[in-house]
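Biologist: I should like to go through this structure step by step, with a reason for each answer. Shall we begin with a term that will be needed?

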Amino acid sequence: MDSEIVKRWIEAGKILGVNPTANILCPVCQQSFLKVQDVEIETDPLQIERHMSCDICGAYNALRMTVK
Ligand SMILES: [Zn+2]
């Protein structure tokens, strides 16, 4: 993966980790805002996975977060 794209994913993760409704452009194609979906982790109720995906190019990444 391109290091610029990696940097943009990290930025997206930082912002969406705090504000899941923020409009963040897809780090890969930059054509569409990332779609965010939180998924509970059955084996660990104290954590969730925040999935970030792009409808245009299919880019995908996930963050694992502690539920407060
Ligand atoms: Zn995209």
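Modeller: Two strands are said to pair if DSSP finds at least two bridges between them. Please bear in mind that this is a predicted model.

Biologist: How many bridges join E1 to E2?

Modeller: Strand E1 covers residues 35-40 and strand E2 covers residues 47-53. The two strands run antiparallel, and they form a hairpin with six residues between them. One bridge sets Gln37 against His51 in E2. The number of bridges joining E1 to E2 is six.

Biologist: Which residue in E3 is the bridge partner of His51?

Modeller: E2 is also joined to E3, by seven bridges, and these two strands run antiparallel. In addition, Ser53 stands opposite Tyr60 in E3. For His51, the bridge partner in E3 is Ala62.

Biologist: Which strands stand at the edges of the sheet?

Modeller: The sheet is open, with three strands in the order E1-E2-E3 and antiparallel pairing. An edge strand has a single partner, so one of its sides is left without a neighbour in the sheet. The strands in this position are E1 and E3.

Biologist: What angle does the direction of H1 make with that of E2?

Modeller: Within the sheet, the twist averages 25 degrees from one strand to the next. Helix H1, residues 3-18, packs on this sheet and touches E1, E2 and E3. Its direction makes an angle with that of E2 of about 130 degrees.

Biologist: Which residues coordinate the zinc ion?

Modeller: Each of the donors is an SG atom, placed at 2.2 to 2.3 Å from the zinc ion. Along the chain the donors follow the spacing C-x2-C-x24-C-x2-C. The coordinating residues are Cys26, Cys29, Cys54 and Cys57.

Biologist: What is the arrangement of the four donor atoms around the zinc ion?

Modeller: Four donors count as tetrahedral if all angles lie between 85 and 135 degrees. Around this zinc ion the donor atoms subtend angles of 104 to 114 degrees. The arrangement is therefore tetrahedral.

Biologist: How many residues apart are Cys26 and Cys57?

Modeller: Both residues are donors to the zinc ion. Cys26 lies in the loop between H1 and E1, whereas Cys57 lies in the loop between E2 and E3. The pair thus links distant parts of the chain, and the separation is 31 residues.

Biologist: Is Cys26 buried or exposed?

Modeller: Buried means under 20% relative accessible area. Cys57, at 37% relative accessibility, counts as partly exposed. Cys26 has a relative accessibility of 0%, so it counts as buried.

Biologist: Which residues does Ser32 touch, leaving aside residues up to four places away in sequence?

Modeller: Ser32 lies in the loop between H1 and E1. Because its relative accessibility is 17%, Ser32 counts as buried. Among its contacts are two residues that coordinate the zinc ion, Cys26 and Cys54. The full list is Ile24, Leu25, Cys26, Cys54 and Ile56.

Biologist: What is the phi of Gln30?

Modeller: Most residues other than glycine have a negative phi. Gln30, in the loop between H1 and E1, has a positive phi and is not a glycine. Gly58, in the turn between E2 and E3, also has a positive phi, of about 80 degrees. For Gln30 the value is near 55 degrees.

Biologist: Which residue forms a salt bridge with Arg50?

Modeller: The count of salt bridges comes to five. Arg50 lies in strand E2 and its partner in strand E1, twelve residues apart. Arg50 is buried because its relative accessibility is 7%. The closest N and O atoms are 2.6 Å apart, and the partner is Asp38.

Biologist: How far apart are the closest N and O atoms of Asp55 and Lys35?

Modeller: Asp55 lies in the loop between E2 and E3, and Lys35 in strand E1, 20 residues apart. At 57% relative accessibility Asp55 counts as exposed, while Lys35, at 46%, counts as partly exposed. The two residues form a salt bridge whose closest N and O atoms are separated by 3.1 Å.

Biologist: Which residue meets Arg64 in a salt bridge?

Modeller: Arg64 is in strand E3 and its partner is in strand E2, 15 residues apart. The N to O distance is 3.1 Å. The partner counts as partly exposed, because its relative accessibility is 23%. This residue is Glu49.

Technical notes: Residues numbered from 1 in each chain as written. Predicted model: local features only at pLDDT ≥ 70, side-chain atom pairs only at ≥ 80, totals over all residues. Heavy atoms only, no water. Donors = N, O, S within 2.8 Å, 3.2 Å for Na, K, Ca; no water. Tetrahedral: all angles 85-135°; square planar, octahedral: opposite > 155°, others 65-115°. Helix = DSSP H or I, 4+ residues; strand = E, 2+ residues; numbered from the N terminus. Buried < 20%, exposed > 50% of the residue type's maximum accessible area, 1.4 Å probe, protein only. Salt bridge = Lys/Arg side-chain N within 4 Å of Asp/Glu carboxyl O. Contact = heavy atoms within 4.5 Å. Axes fitted to C-alpha atoms, helices over the stretch in contact; angles between N-to-C directions.
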